[in-house]
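Reader: I am new to this structure and would like a close look at a single part of it. Please start from one residue and work outwards from there.

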Amino acid sequence: MRTFISIAVLLISLISQAQTGTLTGVVTDKSSGETLISATVVSGTAGTVTDIQGRYSIELPVGSHEVSISYIGYTTQKQDVLIKSGETIILNVALAADVKNLDLVVVSAGRFEQDISETTVSIEVLKPNIIENKSTTSIDDALMQTPGVVIVDNEPQIRSGSGYSFGAGSRVMVLVDDLPLLSGDAGRPSWGFLPVENVEQVEVIKGASSVLYGSAALSGVIHLRTRFASGHPETKANVFYGVYSDPQTTEGKYWQGSPMMTGMNFFHSRKIGSISLVIGGSYLGDDGHLGPVVDVDGTPASSAYNPFDVNRYAAETRGRMNMNLRWQPSKLPGLAIGLNTNWLKGESLNTLLWQNNKEGLYAAFDGSATRTKQVVGNVDPYIEYTTRHGSRHTLRTRWFNLDNNNDNDQGNYSDVYYGEYQYQQRYERFNIPDFTTTAGLVGIHTVGTGELYTAFDENGQNVADNYAAYLQLDKKLWKKLTISAGARYEYFRINDQHEGRPVYRGGLNLQLAKATFLRASYGQGFRFPTIAERYIETSVGVITVFPNPDLKSESSYNVELGVKQGFKLGNFKGFADAAFFMQEFEDYIEFTFGQWNPNPGFSNFLGLGFKSVNTGTARVTGADFSLLGQGKLGKFDVQVLAGYTYTVPITTSPDYIYARSPVDTNSILSMPMFRETTYAGTSSNPENNYLKYRLRHLVRADVEVKYLQMTAGLSFRYNSVMDNIDGIFEMLDDPSDPLTYQGYGIVEWRQEHNKGDYIFDFRFMFQFNETHRLGLVVNNMLNREYAIRPLTIEKPRTTVLQYTITI
């Protein structure tokens with residue numbers, strides 16, 4: 001009997017195999033020849049997706065079949081095939097870009113490739129031509145053109161979700177190729193470290209994104225995606241020379257000559273068999289826009305330009321090298337093993353406060369300048385495996401090292417060890433199309449050491465750990481409705497304090513018409529304080545910063561309703577987007593002024609200074625509108641990125657007492673205004689309860705036009721005035737009180753500059769042939785004198801000549 005059953009099973013198996021055949025092949029981009037990962041191949045109820053090498057394999061019954069091959073942003077192809085018993089049919093397909101679509105594919109919204117019109121959150125895309133054509137040396141300069149984004153003293157703000165925090169803590173996560181790149185101790189980005197020469201595109205998510213990206217993504221994400229090597233070797237190099245114009249405040253220029261900058265960057269990519277190699281690098285020598293250092297005897301240091309010296313305030317010199325290496329063994333389809341690394345060494349001289357608003361506008365207030373010798377780098381080994389059944393396993397790791405050697409006893413050093421395993425599954429094989437699940441485990445270990453962080457350990461060593469697990473589900477129903485839902489549990493420990501909490505998100509995107517998409521989303525956020533926010537203890541000039549070991553985590557939720565409308569004018573196509581949003585915060589962390597630790601034995605005997613504290617509750621409401629388009633208008637190739645953002649950022653607990661003076665009210669050290677510290681009481685303008693250091697109106701626009709060999713571009717930015725800052729700066733500017741008067745001139749400056757600032761940039765490029773190009777870039781074309789944050793003057797006009805060679 002057993003023998004009979006075995007024979008029957010064998011016969012059924014042989015008959016089954018005899019009634020099927022295999023269809024296999026590779027899906028590529030028609031124009032570039034590059035393979036397409038996760039393209040969908042479907043026939044009837046059978047389906048699969050391509051692996052990391054663009055390969056697919058699907059078993060089909062004997063007979064004729066119509067096979068559909070599709071990929072986001074490409075025209076779907078349908079092919080008729082005849083499957084014969086036991087045979088393998090090879091069908092290689094080259095898909096062409098869909099000219100009816102804008103062809104914008106993003107990965108940040110759900111950690112898999114999506115058409116931007118189908119995402120459930122607001123997302124902006126910055127293309128690499130803007131970065132390159134504006135002669136960008138640091139990615140934050142290009143980000144300033146993104147609707148809804150402003151960088152305040154290197155700190156990113158999205159939709160007024162953040163203010164100014166002295167470089168400690170960020171509510172915006174910064175990523176490079178899915179991995180975080182914020183410093184482990186302070187949560188601060190190093191913008192000059194990011195590889196501007198090797199950018200595929202920059203994606204900016206506006207709104208809470210903690211479920212997928214963790215604590216720092218409370219208000220959004222900035223994700224820089226680098227390029228992989230294509231099928232053809234490519235080499236590109238840029239060299240540039242620039243000069244600063246004289247400032248408008250003529251008495252502010254106390255030096256001779258004009259500050260200059262020079263630099264270069266290069267990029268090379270190629271495939272060597274199954275190995276993909278990308279290398280790049282850059283060098284910058286920048287005088288900066290402020291005056292030269294003044295020696296003790298009052299004589300200025302040398303004003304002569306030297307790209308390797310830092311002898312001016314705001315000067316910088318840095319060199320950087322990076323490499324991306326990926327191996328895809330042909331004998332193991334779907335497997336990729338890689339190593340990315342990037343290292344920078346530089347020196348800079350940064351100032352916190354100007355001397356005054358007249359002759360000292362381009363000088364540093366005594367003691368407020370910091371000279372930093374920096375080494376920063378990362379090493380990122382990873383392995384990725386994509387099966388023909390739609391499964392993708394990814395293990396990414398990173399060692400991120402930062403060494404800031406400062407000259408004023410404020411040095412800091414940190415090592416971050418990051419690891420993430422992610423499993424992603426698509427379900428075409430199970431006859432469930434357009435369904436993706438993403439799950440992951442994250443572990444981060446940070447050791448931060450510095451003269452700044454001695455509040456917990458006298459040697460300044462602090463240890464932080466972060467562990468998380470997340471799950472996200474994305475499903476498209478009836479080809480019209482996209483549903484997204486996710487959850488994450490986050491656990492933190494810094495030294496002897498720890499906390500864990502779950503967060504959730506959900507979103508919908510409904511296609512109302514052919515090019516009309518309505519979306520709604522809800523997302524929670526949770527941010528644990530950084531080492532710096534809790535344990536920093538330092539002084540810069542007259543400013544003392546106090547630690548707060550008892551600082552609690554902050555949380556928020558974000559809701560949004562938006563609509564995206566596609567349009568096509570001849571061969572020009574794009575999207576217009578409108579969104580209305582609200583974000584509520586609890587235990588909101590602000591870097592604020594107060595009386596914290598009076599002590600007659602200290603130089604700062606009154607104990608006045610700044611500290612990160614929980615200030616109660618806050619809310620940001622608003623709307624933003626953006627326009628993204630590209631294509632031909634007549635004989636001209638045109639690209640447009642523009643937007644307007646309006647926010648109402650307020651504290652909803654202006655009178656909440658978050659600190660009481662530790663000094664007895666009868667003491668001579670007691671200051672009445674700080675006996676009970678509130679948000680309103682420390683504000684320069686408490687009338688409307690506006691949060692400090694916010695820009696409520698932002699306008700961004702960039703238009704680039706190409707005709708034959710000529711390309712011209714114009715950028716525009718408008719920043720409204722900061723309605724509210726720390727009131728102490730205006731108090732210290734009161735000449736009627738000689739004991740506290742510092743002479744910043746901040747009151748007069750804000751009275752004279754109360755309409756906001758508008759800045760124009762212009763660029764022009766001439767392409768001689770496929771190899772050589774010459775460009776002229778004029779930033780701040782009208783030579784406007786403006787300060788995004790009071791007490792820090794921005795750059796005057798710069799004129800840059802750029803030469804590019806492409807091989």
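Author: Y421 is partly exposed, because its relative accessible area is 33%, and partly exposed covers the range between under 20% for buried and over 50% for exposed. The model is a predicted one. Y421 sits in strand 25, which covers residues 412-426.

Y421 also belongs to a nonpolar patch on the surface. The other members are I272, I275, L325, W327, I337, L339, I383, L395 and L441, and together with Y421 they have about 810 Å² of accessible area. Two elements give two or more residues to this nonpolar patch: strand 21 (316-327) and strand 22 (335-351).

The strand that holds Y421 can be followed through its pairing. Strand 25 pairs with strand 24 in the antiparallel sense, over 14 bridges. In that pairing T394 is placed opposite Q422 of strand 25. The two strands make a hairpin with five residues between them, and in the turn D409 has a positive phi of about 60°.

Strand 24 (residues 391-406) also pairs with strand 23, again antiparallel, over 13 bridges. Here Q374 has N404 in strand 24 as its bridge partner. Strand 23 and strand 24 form a hairpin as well, with four residues between the strands, and G390 takes a positive phi near 90° there.

Strand 23 (369-386) leads on to the rings, since the loop between strand 22 and strand 23 holds Y362, one half of an aromatic pair. The other half is W255, in the loop between strand 18 (234-244) and strand 19 (260-272). The two residues are 107 residues apart, and their pair links distant parts of the chain. Their rings are edge-to-face, at 6.4 Å centre to centre and with 70° between the planes. Both W255 and Y362 are buried.

A second edge-to-face pair is made by F766 and F768, with 4.9 Å centre to centre and 70° between the planes. F766 is partly exposed, because its relative accessibility is 27%. F768 is partly exposed too, because its relative accessible area is 47%. Ring pairs also link F365, F591, F593, F610, F729 and Y744 into a cluster. The count of aromatic pairs comes to 25.

Elsewhere in the chain there is an open sheet of four strands, in the order 3-2-5-6 and with antiparallel pairing. Strand 3 (46-49) and strand 6 (77-83) each have a single partner strand, so each stands at an edge and has one side left without a neighbour in the sheet. On average, neighbouring strands of this sheet are turned by 20° against each other, direction ignored. Within the sheet, strand 2 (residues 40-43) and strand 3 run antiparallel and are joined by four bridges. V41 stands opposite T48, which is in strand 3.

One more residue can be set beside Y421. Q201 lies in strand 16, residues 201-206. Q201 is buried, because its relative accessibility is 4%, whereas Y421 is partly exposed at 33%. The C-alpha atoms of Q201 and V125 are separated by 6.8 Å, with their positions 76 residues apart along the chain.

Notes: Residues numbered from 1 in each chain as written. Predicted model: local features only at pLDDT ≥ 70, side-chain atom pairs only at ≥ 80, totals over all residues. Heavy atoms only, no water. Patch = residues over 30% accessible without salt bridge, like charges linked within 9 Å, V, L, I, M, F, W, Y side chains within 5 Å. Areas by Shrake-Rupley, 256 points an atom, 1.4 Å probe, with all protein chains shown as cover. Salt bridge = Lys/Arg side-chain N within 4 Å of Asp/Glu carboxyl O. Buried < 20%, exposed > 50% of the residue type's maximum accessible area, 1.4 Å probe, protein only. Pairing = 2+ DSSP bridges. Axes fitted to C-alpha atoms, helices over the stretch in contact; angles between N-to-C directions. Phe/Tyr/Trp six-rings, centres within 6.5 Å; stacked < 30°, edge-to-face > 60°.
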